[in-house]
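Dear colleague,

I am handing over the structure we spoke about, and below it you will find my notes on what turned up in it. Please read them with the model open beside you.

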Amino acid sequence: IFQKETAKVIPIQNSNAGYRIMLRVAAAITMLIVGAGLVYLLNSPSQNQLLTTNEIAQTILPDGSQITLNKNSKLSYDRGFGNKQRTVTLKGEAMFKVARDESKPFIIHAGDIDVQVLGTNFFVSNANQDILEVVVISGKVSVTSVKNSDNQILTAGDKATYTIATGKLEKMRNDDKNFNSWTTKKFVIKNKKLKKVVQLLNKVYGKHITIASDTIQNCHITV
(Lines give C-alpha, C1' and ligand atoms only; values in the text may rest on other atoms or scores of the structure.)
Protein backbone atom coordinates (compact mmCIF):
# COMPACT_ATOMS: atom_id res chain seq x y z
CA ILE A 1 0.00 0.00 0.00
CA PHE A 2 1.41 3.37 -0.95
CA GLN A 3 1.60 6.21 1.52
CA LYS A 4 1.12 9.55 -0.19
CA GLU A 5 2.77 12.64 1.25
CA THR A 6 3.19 16.12 -0.12
CA ALA A 7 6.83 16.63 -1.18
CA LYS A 8 8.85 19.80 -0.90
CA VAL A 9 8.01 22.05 -3.84
CA ILE A 10 10.25 24.79 -5.14
CA PRO A 11 8.13 27.84 -6.07
CA ILE A 12 8.82 29.05 -9.61
CA GLN A 13 10.36 32.49 -9.22
CA ASN A 14 9.49 34.69 -12.17
CA SER A 15 12.71 36.56 -12.91
CA ASN A 16 12.73 40.05 -14.39
CA ALA A 17 14.62 38.73 -17.41
CA GLY A 18 11.90 36.19 -18.17
CA TYR A 19 9.13 38.75 -17.89
CA ARG A 20 10.97 41.27 -20.03
CA ILE A 21 11.06 38.68 -22.80
CA MET A 22 7.37 37.94 -22.39
CA LEU A 23 6.50 41.65 -22.48
CA ARG A 24 8.48 42.20 -25.67
CA VAL A 25 6.55 39.53 -27.52
CA ALA A 26 3.21 40.36 -25.89
CA ALA A 27 1.94 42.17 -28.98
CA ALA A 28 2.03 38.92 -30.89
CA ILE A 29 0.91 36.36 -28.34
CA THR A 30 -2.05 35.33 -26.21
CA MET A 31 -1.51 33.68 -22.85
CA LEU A 32 -3.71 31.04 -21.26
CA ILE A 33 -2.94 30.27 -17.62
CA VAL A 34 -3.12 26.63 -16.52
CA GLY A 35 -3.92 25.47 -12.99
CA ALA A 36 -1.34 24.83 -10.30
CA GLY A 37 0.21 21.37 -10.20
CA LEU A 38 1.01 18.90 -7.47
CA VAL A 39 4.09 17.03 -6.31
CA TYR A 40 3.88 13.70 -4.49
CA LEU A 41 6.19 11.34 -2.65
CA LEU A 42 4.92 7.78 -3.03
CA ASN A 43 6.58 5.36 -0.62
CA SER A 44 6.27 1.57 -0.73
CA PRO A 45 8.16 -1.01 1.36
CA SER A 46 10.71 -1.38 -1.45
CA GLN A 47 10.76 1.89 -3.41
CA ASN A 48 10.44 5.69 -3.18
CA GLN A 49 8.94 7.73 -6.01
CA LEU A 50 8.86 11.49 -6.53
CA LEU A 51 6.24 12.58 -9.09
CA THR A 52 5.57 16.10 -10.38
CA THR A 53 2.75 17.55 -12.47
CA ASN A 54 2.93 21.32 -13.02
CA GLU A 55 5.50 22.10 -10.35
CA ILE A 56 9.29 21.81 -10.07
CA ALA A 57 10.50 19.81 -7.05
CA GLN A 58 13.83 19.33 -5.34
CA THR A 59 14.93 16.40 -3.23
CA ILE A 60 18.11 15.33 -1.46
CA LEU A 61 18.85 11.61 -1.64
CA PRO A 62 20.29 9.67 1.33
CA ASP A 63 23.84 10.00 -0.09
CA GLY A 64 23.54 13.80 -0.22
CA SER A 65 22.98 14.05 -3.99
CA GLN A 66 20.68 16.92 -4.98
CA ILE A 67 17.99 16.35 -7.63
CA THR A 68 15.84 19.06 -9.23
CA LEU A 69 12.92 17.41 -11.03
CA ASN A 70 11.18 19.27 -13.83
CA LYS A 71 7.42 19.36 -14.32
CA ASN A 72 5.62 16.18 -15.42
CA SER A 73 8.54 13.97 -14.40
CA LYS A 74 9.15 10.97 -12.12
CA LEU A 75 12.17 9.82 -10.14
CA SER A 76 12.23 6.46 -8.38
CA TYR A 77 14.84 4.62 -6.30
CA ASP A 78 15.01 1.64 -3.96
CA ARG A 79 14.57 2.13 -0.21
CA GLY A 80 18.08 0.69 0.24
CA PHE A 81 19.62 3.41 -1.94
CA GLY A 82 23.17 4.22 -0.86
CA ASN A 83 23.78 1.05 1.14
CA LYS A 84 25.35 -1.06 -1.61
CA GLN A 85 24.44 0.88 -4.75
CA ARG A 86 23.20 4.28 -5.98
CA THR A 87 20.69 3.66 -8.77
CA VAL A 88 17.67 5.76 -9.77
CA THR A 89 15.17 5.64 -12.63
CA LEU A 90 14.09 8.83 -14.39
CA LYS A 91 11.12 9.57 -16.61
CA GLY A 92 11.09 13.20 -17.76
CA GLU A 93 13.78 15.80 -17.02
CA ALA A 94 16.04 16.46 -14.07
CA MET A 95 19.18 18.29 -13.01
CA PHE A 96 21.59 16.17 -10.94
CA LYS A 97 24.28 17.34 -8.53
CA VAL A 98 25.78 14.02 -7.45
CA ALA A 99 27.73 13.57 -4.23
CA ARG A 100 31.08 11.96 -4.97
CA ASP A 101 31.58 8.35 -3.87
CA GLU A 102 34.13 6.43 -5.92
CA SER A 103 33.15 3.13 -4.30
CA LYS A 104 29.51 3.48 -5.42
CA PRO A 105 28.97 4.96 -8.91
CA PHE A 106 25.68 6.83 -9.34
CA ILE A 107 23.59 5.22 -12.11
CA ILE A 108 20.50 6.68 -13.80
CA HIS A 109 18.22 4.48 -15.88
CA ALA A 110 16.57 6.82 -18.41
CA GLY A 111 14.68 4.81 -20.98
CA ASP A 112 17.09 3.38 -23.55
CA ILE A 113 20.22 4.85 -21.95
CA ASP A 114 22.09 4.42 -18.69
CA VAL A 115 24.08 7.33 -17.25
CA GLN A 116 26.89 6.58 -14.79
CA VAL A 117 28.89 9.10 -12.74
CA LEU A 118 31.06 9.33 -9.63
CA GLY A 119 30.25 12.93 -8.73
CA THR A 120 29.29 15.77 -11.06
CA ASN A 121 26.62 18.26 -12.17
CA PHE A 122 24.55 17.41 -15.26
CA PHE A 123 21.14 17.34 -16.98
CA VAL A 124 19.22 14.29 -18.21
CA SER A 125 16.08 14.32 -20.37
CA ASN A 126 13.97 11.47 -21.72
CA ALA A 127 10.81 13.58 -21.91
CA ASN A 128 11.01 13.57 -25.71
CA GLN A 129 9.68 10.35 -27.23
CA ASP A 130 12.20 10.53 -30.08
CA ILE A 131 15.49 11.72 -28.55
CA LEU A 132 17.15 11.31 -25.15
CA GLU A 133 19.67 13.93 -24.01
CA VAL A 134 22.45 14.29 -21.46
CA VAL A 135 24.29 17.61 -20.92
CA VAL A 136 27.28 17.85 -18.57
CA ILE A 137 27.89 21.06 -16.61
CA SER A 138 30.89 19.82 -14.63
CA GLY A 139 32.76 16.56 -14.07
CA LYS A 140 32.65 13.44 -16.24
CA VAL A 141 29.69 11.26 -17.24
CA SER A 142 29.43 7.90 -19.00
CA VAL A 143 26.38 7.38 -21.25
CA THR A 144 25.62 3.86 -22.50
CA SER A 145 22.95 2.54 -24.86
CA VAL A 146 20.91 -0.21 -23.21
CA LYS A 147 20.17 -1.82 -26.58
CA ASN A 148 23.61 -2.03 -28.21
CA SER A 149 26.09 -1.07 -25.44
CA ASP A 150 27.44 1.92 -27.40
CA ASN A 151 29.19 4.27 -24.99
CA GLN A 152 30.19 7.93 -24.89
CA ILE A 153 32.26 9.70 -22.22
CA LEU A 154 31.20 13.30 -21.65
CA THR A 155 33.01 16.14 -19.88
CA ALA A 156 31.94 19.72 -19.06
CA GLY A 157 30.20 21.36 -22.03
CA ASP A 158 29.52 18.07 -23.82
CA LYS A 159 26.14 16.75 -24.88
CA ALA A 160 25.00 13.24 -25.84
CA THR A 161 21.89 12.50 -27.86
CA TYR A 162 20.32 9.08 -28.35
CA THR A 163 17.86 8.63 -31.22
CA ILE A 164 15.32 6.02 -30.19
CA ALA A 165 14.26 5.04 -33.74
CA THR A 166 17.82 4.28 -34.92
CA GLY A 167 19.55 3.43 -31.65
CA LYS A 168 22.31 5.92 -32.51
CA LEU A 169 24.24 7.51 -29.64
CA GLU A 170 26.15 10.69 -30.56
CA LYS A 171 28.46 13.06 -28.70
CA MET A 172 28.81 16.79 -29.47
CA ARG A 173 29.45 20.15 -27.83
CA ASN A 174 26.32 21.63 -26.29
CA ASP A 175 25.24 24.79 -28.12
CA ASP A 176 21.86 25.13 -26.38
CA LYS A 177 22.35 27.96 -23.88
CA ASN A 178 18.79 27.51 -22.58
CA PHE A 179 18.83 23.80 -21.75
CA ASN A 180 18.50 24.52 -18.02
CA SER A 181 16.35 27.67 -18.21
CA TRP A 182 13.57 25.83 -16.39
CA THR A 183 15.74 25.90 -13.26
CA THR A 184 17.55 29.25 -13.67
CA LYS A 185 14.74 31.28 -15.29
CA LYS A 186 17.49 32.96 -17.35
CA PHE A 187 17.47 33.06 -21.14
CA VAL A 188 19.86 33.66 -24.02
CA ILE A 189 17.76 34.87 -26.97
CA LYS A 190 19.96 35.88 -29.89
CA ASN A 191 18.60 35.99 -33.43
CA LYS A 192 16.01 33.28 -32.70
CA LYS A 193 12.71 32.77 -34.47
CA LEU A 194 9.73 34.09 -32.50
CA LYS A 195 8.01 30.71 -32.58
CA LYS A 196 11.08 29.08 -31.00
CA VAL A 197 11.10 31.70 -28.24
CA VAL A 198 7.41 31.05 -27.60
CA GLN A 199 8.05 27.29 -27.39
CA LEU A 200 10.79 27.91 -24.82
CA LEU A 201 8.57 30.17 -22.69
CA ASN A 202 5.76 27.62 -22.83
CA LYS A 203 8.08 24.93 -21.50
CA VAL A 204 9.75 27.00 -18.79
CA TYR A 205 6.69 28.78 -17.42
CA GLY A 206 4.10 26.08 -18.08
CA LYS A 207 1.90 28.37 -20.15
CA HIS A 208 -0.02 27.99 -23.40
CA ILE A 209 1.21 30.86 -25.57
CA THR A 210 -0.01 31.27 -29.12
CA ILE A 211 1.16 33.64 -31.85
CA ALA A 212 -1.73 35.76 -33.07
CA SER A 213 -0.19 36.50 -36.47
CA ASP A 214 1.11 33.77 -38.77
CA THR A 215 3.23 36.31 -40.63
CA ILE A 216 5.54 36.96 -37.68
CA GLN A 217 6.17 33.40 -36.52
CA ASN A 218 9.48 33.24 -38.36
CA CYS A 219 10.66 36.72 -37.41
CA HIS A 220 14.05 36.66 -35.69
CA ILE A 221 14.39 38.47 -32.37
CA THR A 222 17.17 39.27 -29.91
CA VAL A 223 16.34 40.28 -26.33
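**Salt bridges**

Glutamate 102 and arginine 100 meet through their side chains in a salt bridge, with 3.2 Å from N to O. Please bear in mind throughout that this is a predicted model. Both partners of this bridge lie on the exposed side of the scale, since glutamate 102 has a relative accessible area of 57% and is exposed, while arginine 100, at 55% relative accessibility, also counts as exposed.

A second salt bridge is formed by the side chains of lysine 147 and aspartate 112, at 3.6 Å from N to O. Because lysine 147 sits in the loop between strand S15 (140-145) and strand S16 (151-155), and aspartate 112 in the loop between S11 and strand S12 (113-117), this pair ties together parts that are 35 residues apart in sequence. Lysine 147 counts as exposed, its relative accessibility being 60%, and the cut-off for that word is over 50%.

Lysine 168 and glutamate 170 also meet in a salt bridge through their side chains, again with an N to O value of 3.6 Å. Here the partners are partly exposed: lysine 168 at 46% relative accessibility, and glutamate 170 with a relative accessible area of 31%. Elsewhere, Asp158, Lys171 and Arg173 are joined into one network by salt bridges that share partners. Over the whole structure, the search finds 8 salt bridges.

Lysine 168 and glutamate 170 appear again around threonine 161, a residue of strand S17 (residues 158-163). With neighbours up to four places away in sequence left out, threonine 161 touches Ile131, Leu132, Glu133, Lys168, Leu169, Glu170 and Met172. Threonine 161 itself is buried, with a relative accessible area of 10%.

**Aromatic pairs and the nonpolar cores**

The count of aromatic pairs comes to 7. One of them joins phenylalanine 81 and phenylalanine 106, whose ring centres are 5.9 Å apart and whose planes stand at 70 degrees, so the pair is edge-to-face, the cut-off for which is over 60. Since phenylalanine 81 lies in the loop between S8 and S9 and phenylalanine 106 in strand S11 (residues 106-110), the pair ties together parts that are 25 residues apart in sequence. Phenylalanine 81 counts as buried at 4% relative accessibility, and phenylalanine 106 counts as buried at 0%.

Phenylalanine 96 and phenylalanine 122 form an aromatic pair of the stacked kind, with 5.3 Å centre to centre and 10 degrees between the planes. This pair, too, links distant parts of the chain, for phenylalanine 96 belongs to strand S10 (residues 93-97) and phenylalanine 122 to strand S13 (residues 121-125), 26 residues apart. Phenylalanine 96 is buried, with a relative accessible area of 1%, and phenylalanine 122 counts as buried at 0% relative accessibility.

How do these rings fit together? Tyr77, Phe81, Phe96, Phe106 and Phe122 are linked into a cluster by ring pairs. Several of these names return in the largest nonpolar core, which has 30 residues and in which Phe96, Phe106, Ile108, Val115 and Phe122 are those with the most contacts inside it. Taking phenylalanine 106 as a point from which to look around, and leaving out residues up to four places away in sequence, one finds that it touches Leu61, Asp63, Ser65, Ile67, Phe81, Arg86, Val88, Phe96, Val98, Val115, Gln116 and Val117. Another core, of 18 residues, lies apart from the largest one and includes Ile56, Met95, Phe179 and Val204.

**Strand S8 and its partners**

Strand S5 (residues 47-52) pairs with strand S8 (residues 74-78) in the antiparallel sense, over 5 bridges, and in this pairing leucine 51 stands opposite lysine 74 in S8. S8 is in turn joined by 4 bridges to strand S9 (residues 86-91), the two running antiparallel, and lysine 74 stands opposite lysine 91 in S9.

Serine 76 lies in strand S8 and is buried, with a relative accessible area of 6%. Setting aside neighbours within four places in sequence, serine 76 is in contact with Gln47, Asn48, Gln49, Val88 and Thr89.

With best regards

Methods:
Residues are numbered from 1 along each chain as its sequence is written. This is a predicted model: local features need pLDDT of at least 70, side-chain atom pairs count only at pLDDT 80 or more; totals for chains, interfaces and linings use all residues. Side-chain values use heavy atoms; hydrogens and water are left out. Two strands pair if DSSP finds at least two bridges between them. Rings of Phe, Tyr and Trp (its six-membered ring) pair if their centres lie within 6.5 Å; planes under 30 degrees apart count as stacked, over 60 as edge-to-face and the rest as tilted. Buried means under 20% relative accessible area, exposed over 50%, partly exposed in between (1.4 Å probe, protein chains only). A nonpolar core is a set of buried Ala, Val, Leu, Ile, Met, Phe, Trp, Tyr and Cys residues joined through side-chain atoms within 4.5 Å. Contact means heavy atoms within 4.5 Å. A salt bridge is a side-chain nitrogen of Lys or Arg within 4 Å of a carboxyl oxygen of Asp or Glu.
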